[in-house]
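The report below follows the chains from overall make-up to single residues. Please read it with the sequence and the structure side by side.

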Amino acid sequence: MVMATKVALDGAHAVSEAMRQIDPDVVAAYPITPQTAVVQRFSQFVADGRVNTEFVAVESEHAAMSACVGAAAAGGRVMTATAANGLALMWEMLYIAASMRLPIVMPVVNRALSGPLNIHCDHSDSMGARDAGWIQLYSETAQEAYDNTIQAIRIAEHADLKLPVMVMQDGFITGHGVERVEVADDKDVREFIGKYAPEHSLLDIDNPKTFGAWDMYDYYFEHKRQQTDAFSKAMPIITAVGKEFGSRFGRNYGIFDAFEMDDAEMAIIVLSSTAGTCRTVVRDMRKQGVKIGMLKLRVFRPFPAAELARALSRVRAVAVLDRSISFGAHEGAGPIFMELCSALFAAGSDAKVVDYIFGLGGRDIFPQHIEQVVHDLKEIASSGKVKSQVSYLGLRE
Amino acid sequence: MAIRLKEQSAKPERLASGHRFCAGCAEPIIIRQILNAIDEPVVVGAATGCTEIATSMYPTTAWRVPWIHSAFENVASTIAGAESMYRSLVRQGKMPDKNIRFVAIGGDGATYDIGLQWLSGALERGHRFIYICLDNEAYMNTGIQRSSATPLGASTTTSPAGEVRPGKQQWRKPLTEIIAAHHIPYVAQASPSNWRDLMEKARKAAAADGPSFINVLSDCNRGWRHSTETSIEVTRLAVETCYWPLYEVENNVWKVNYKPREKKPVEEWLKTQGRFRHLFQPQFRSVIDQIQANVDREWEILLKKSEG
């Protein structure tokens, strides 16, 4: 029997609680709204001697990720956390951390990228970093943010992967929203994550190694191939870790969460906290006999193309909810839409797919917006015609 | 602290031969002098630049000690991360204390310009590391572009001498003083020409219980425009003219380590290098006077600081 304590925590504090239990050897971090609570709370753990971590309060996010790279190369467990512009400032180092195959784990509290300046939730920050070589896990609730952070350690450090992991939650909505969170026993978390034994360490002075060498056209390409190969091995590992977590802590995790999908003729694809709103609407619509289901994506990188195509194989109309825009993309679509269209095209699907951009800069989304989406889907499913490939929810025009 | 040549020459090389530095480059000389002087085991970090590309071309490496490079601006944070991990693992009993010294190496571009914030942050936090600036007074790796270390009148590819402009129009950033203003345990300025002085400084830096910094004038014959065999003579003249004074700031006490018996005119140093050739044309001659005035003023200030 696994002991757990039910606590009222917001998403940011839930993540800092996971960090306390993980007790990384080094945390290098810089505060930024709405991630600040993560770093503040963790600093207090350091001040109270509740962790063994060497906490490096750096002068910028770029320095945070740079110090994480140096610390991870030196052979210990390393974490940081950030949001929005902080993540953007790290850009260069995100790629370097991933290319050096350093298993750094980073909670990200999603916030809109400037400009104009806005501190509220959308996914432009982490979606902008989607090609940086990090595994990306998205969380609907504070509980999921906590659970995903713990699982991220196991995923990142897996011998076949050695890839950094970002764990997302929605800024303010989840980050500052207090929920009931089941916090596992410290001992159980530590047993689950195990000890970290890196293959190479910069501190191994008896076996000196060169880290971050200059890599020209005669090797760089092969190294990139190795990196992408690692991603192709990630999905079964993420699934296995999710399953093991479930058997130990009672909450199962897969690649995505299917709700009312068994006989669904229409589906909504969504990330993070908005899944809650969608679930309510799907439930109501089901009562009215509408054959609608929902897929809440947990893993965006690697993108579960085959798995999604399978899950959507009997669906006639799909609505993607994108909380960011890929500027200049096909009709200004969002990244989930583009990825899903590629996946369905490759699988030979003839489902109609539409995209809804919503919630930019923290704009609220209400059940009636989702009801509108379902209404559109019904029309598309019956007529087989798409009026608008990309639409907007809750936008004044 | 004394450097005994016989002992030093018996120590194994930490930077192997067969690296790809240009003939006559001062950088590998300085690195070997410094790493030879430090008796403790070292972990070395390098910023993107000549040192990095000349020593680490995959699948080869010239490093016989653990070495890391991550990016251009951030070698101070990268090595600070490694040093933090070391302290953490030793404190937790996860590894034995091996008395490791952490050395960060950056050029003037990486130190005076793009990486100043990262360095300043690491100094303020008090990581125990030795930062070596190899100041060759421009972005030499990318083909001689001006930096804030480039002196007045030097012709670079982004401050070229032309019909109306005599090369760079500004003097240089007083980086060593900026670092000293962080009140870290040890700050010094050195030159490979005065090797014993440099090696003693490296040893003091390694002994400092906190951050230390050495700014070393690093001759680049490709950028400074002179023949490959005169690198050490050119850096010696920089010292003899007081263009590059040798001094240290140990626990906030300023000390000039070398006072030339006869302070030579800066013109003697300038004329050794093609990057200043245009200054000897009549219309730009006054720039030499300005350089001399800057050198004189800074030398006087430095003498006063070290007397006080």
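In chain B of this predicted model, residues 24 or more positions apart account for 69% of the contacts with a separation of 6 or more. The chain holds 12 helices and eight strands, and its radius of gyration of 19 Å is close to the 19 Å that the globule rule gives for 308 residues, so chain B is as compact as a globular protein of that length. Along the principal axes, the C-alpha atoms of chain B fill a box of roughly 70 × 50 × 40 Å, and buried residues make up 52% of the 308 residues. The mean pLDDT of chain B is 97, with 99% of its residues at 70 or more, while for the complex the predictor gives an ipTM of 0.97 and a pTM of 0.98.

**The contact between the chains**

Chain A brings 39 residues to the contact and chain B brings 40 residues. On the side of chain A that touches chain B, the elements giving two or more residues are strand E2 (26-29), strand E3 (54-57), helix H3 (61-73), helix H5 (91-99) and strand E9 (210-211) of chain A. Of these, H3(A) gives the most, with nine residues. Sorted by class, this side of chain A has 22 nonpolar, 10 polar and seven charged residues. Strand pairing also crosses from one chain to the other, since E9(A) is joined by two bridges to strand E2 (residues 67-69) of chain B, and the two strands run parallel. Within that pairing, A:Phe211 has B:Ile68 in E2(B) as its bridge partner.

**Strand E2 of chain A and its partners**

E2(A), which is among the elements that contribute to the contact with chain B, has A:Val26 and A:Ala28 pointing one way and A:Val27 and A:Ala29 the other way, and all of them are buried. In a regular strand the side chains alternate between the two faces of the sheet. E2(A) pairs in the parallel sense with E3(A) over four bridges, and in this pairing A:Val26 stands opposite A:Glu54. Between these two strands the chain passes through helix H2 (residues 36-47) of chain A, in a β-α-β crossover that is right-handed. E2(A) also pairs in the parallel sense with strand E4 (residues 78-79) of chain A, over two bridges, and here the bridge partner of A:Val26 is A:Val78.

**Strand E15 of chain A**

How many of the seven residues of strand E15 (residues 352-358) of chain A are buried? Seven of the seven are, so E15(A) is largely enclosed by the rest of the structure. The burial extends to both faces, with A:Lys352, A:Val354, A:Tyr356 and A:Phe358 on one side and A:Val353, A:Asp355 and A:Ile357 on the other. Strand E14 (residues 317-322) of chain A runs parallel to E15(A) and is joined to it by six bridges, with A:Ala319 partnered by A:Val354. E15(A) also pairs in the parallel sense with strand E16 (residues 390-393) of chain A over four bridges, and there A:Phe358 is partnered by A:Leu393. The two β-α-β units that include E15(A) have opposite hands: the unit of E14(A), helix H13 (residues 335-346) of chain A and E15(A) is right-handed, whereas that of E15(A), helix H14 (residues 367-383) of chain A and E16(A) is left-handed.

**Single residues and backbone geometry in chain A**

A:Ala14 is found in helix H1 (residues 11-22) of chain A and counts as buried because 32 C-beta neighbours lie inside 10 Å. Beyond its neighbours within four places in sequence, A:Ala14 is in contact with A:Leu9, A:Ala142, A:Ala145, A:Tyr146 and A:Val181. Its C-alpha atom is separated by 10.0 Å from that of A:Arg41, 27 residues apart along the chain.

Most residues other than glycine have a negative phi, and most peptide bonds are trans. The table gives sites in chain A that depart from this pattern.

| Site | Backbone feature | Location in chain A |
|---|---|---|
| A:Thr33 to A:Pro34 | cis, omega about 0 degrees | A:Pro34 in the loop between E2 and H2 |
| A:Arg301 to A:Pro302 | cis, omega near 0 degrees | A:Pro302 in the loop between E13 (299-301) and H12 (305-311) |
| A:Asp23 | positive phi of about 50 degrees | loop between H1 and E2 |
| A:Lys162 | positive phi of about 50 degrees | loop between H7 (142-157) and E7 (165-170) |

A:Asp23 counts as partly exposed, with 19 C-beta neighbours inside 10 Å, and A:Lys162 likewise counts as partly exposed, with 18.

Definitions and conventions:
Residues numbered from 1 in each chain as written. Chains lettered and ligands numbered in written order. Predicted model: local features only at pLDDT ≥ 70, side-chain atom pairs only at ≥ 80, totals over all residues. Buried ≥ 20, exposed ≤ 12 C-beta atoms within 10 Å, placed from the backbone. Pairing = 2+ DSSP bridges. Right-handed = clockwise from strand over helix to strand, strands pointing away. Contact = placed C-beta atoms within 7 Å. Nonpolar A, V, L, I, M, F, W, Y, C, P; charged D, E, K, R; others polar. pLDDT = per-residue confidence, 0-100. Rg over C-alpha atoms; globule rule 2.2 N^0.38 Å.
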